[in-house]
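Visitor: I have a few minutes and a model to look at. Could you walk me through how its parts pack?

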Amino acid sequence: MLAIDRAELDAQTGGDADLADEVLALFAGQCRSILPRLTDASLPAGQRADLAHTLKGSASGVGATQVRACADAAEAQLRAGAAPAALDALVQAVEAALAEIAPDRES
């Protein structure tokens with residue numbers, strides 16, 4: 001299973017390959033910025049839930065369906081005050097998406 005649904009990405013970008021590359025690069029940067037804070041247990045749960053929500057929205061815009069699903073689960077768990085069991089799956093999904101976006105770069 002691919003980390004990025006290219007058909008969904010094409011639908012979001014109108015089939016414009018340059019735009020797709022641009023939004024994927026923005027998504028990758030956002031993942032690299034958000035994930036360390038989202039997994040930081042010292043931050044308040046509400047702040048971490050907001051970060052998961054942001055990542056969920058970004059993932060939706062590029063067709064990163066697994067990232068979207070895992071971020072949604074993490075957000076729900078954080079908002080409910082539960083231990084965010086979905087974070088491990090989210091980290092793996094983000095790593096897979098980053099590897100697919102830039103396979104020649106380290107995540």
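Visitor: Which residues of α3 are buried?
Guide: This is a predicted model. Two of the buried positions in α3 carry charged-type names to look for, Arg 48 and Lys 56. The others are Ala 49, Leu 51, Ala 52, Leu 55, Ser 58, Ala 59 and Val 62.

Visitor: Which helices do the buried residues of α3 pack against?
Guide: Start with the helix itself. α3 covers residues 45-62. Its buried residues pack against α1, α2, α4 and α5.

Visitor: Does Ser 58 count as buried or exposed?
Guide: Ser 58 sits in helix α3. The cut-off for buried is under 20% relative accessible area. Ser 58 has 17% relative accessibility, so it counts as buried.

Visitor: Which residues does Ser 58 touch, not counting those up to four places away in sequence?
Guide: Look across to Phe 27, whose contacts include Leu 55, Ser 58 and Ala 59. Ser 58 also has a second partner of this kind. With sequence neighbours up to four places away set aside, Ser 58 touches Phe 27 and Gln 30.

Visitor: How are α1 and α3 placed relative to each other?
Guide: Helix α1 spans residues 6-13. Glu 8, Leu 9 and Gln 12 of α1 meet Ser 60, Gly 61 and Val 62 of α3. The axes lie 6 Å apart at an angle of about 90 degrees. The two helices are therefore roughly perpendicular.

Visitor: What span should the 18 residues of α3 have?
Guide: The reckoning uses 1.5 Å a residue. The end C-alpha atoms of α3 are 26 Å apart, which agrees with the expected 26 Å.

Visitor: Where do the buried residues of α5 fall, seen down its axis?
Guide: The buried residues of α5 are Leu 87, Leu 90, Ala 93, Val 94, Ala 97, Leu 98 and Ile 101. They fall within an arc of 135 degrees, so they line one face of the helix. Asp 88 and Gln 92 are exposed on the other side. The buried set packs against α2, α3 and α4.

Visitor: Which element gives the largest share of the largest nonpolar core?
Guide: That core has 32 residues, and Phe 27, Leu 55, Leu 90 and Val 94 are among those with the most contacts inside it. The elements giving two or more residues to this core are α2, α3, α4 and α5. The largest share is eight residues, from α2.

Note on methods
Residues numbered from 1 in each chain as written. Predicted model: local features only at pLDDT ≥ 70, side-chain atom pairs only at ≥ 80, totals over all residues. Heavy atoms only, no water. Helix = DSSP H or I, 4+ residues; strand = E, 2+ residues; numbered from the N terminus. Buried < 20%, exposed > 50% of the residue type's maximum accessible area, 1.4 Å probe, protein only. Contact = heavy atoms within 4.5 Å. Arc of directions from axis to C-beta. Core = buried A, V, L, I, M, F, W, Y, C linked by side-chain atoms within 4.5 Å. Axes fitted to C-alpha atoms, helices over the stretch in contact; angles between N-to-C directions. Parallel < 35°, antiparallel > 145°, perpendicular 65-115°, else oblique. Expected span 1.5 Å × (residues − 1).
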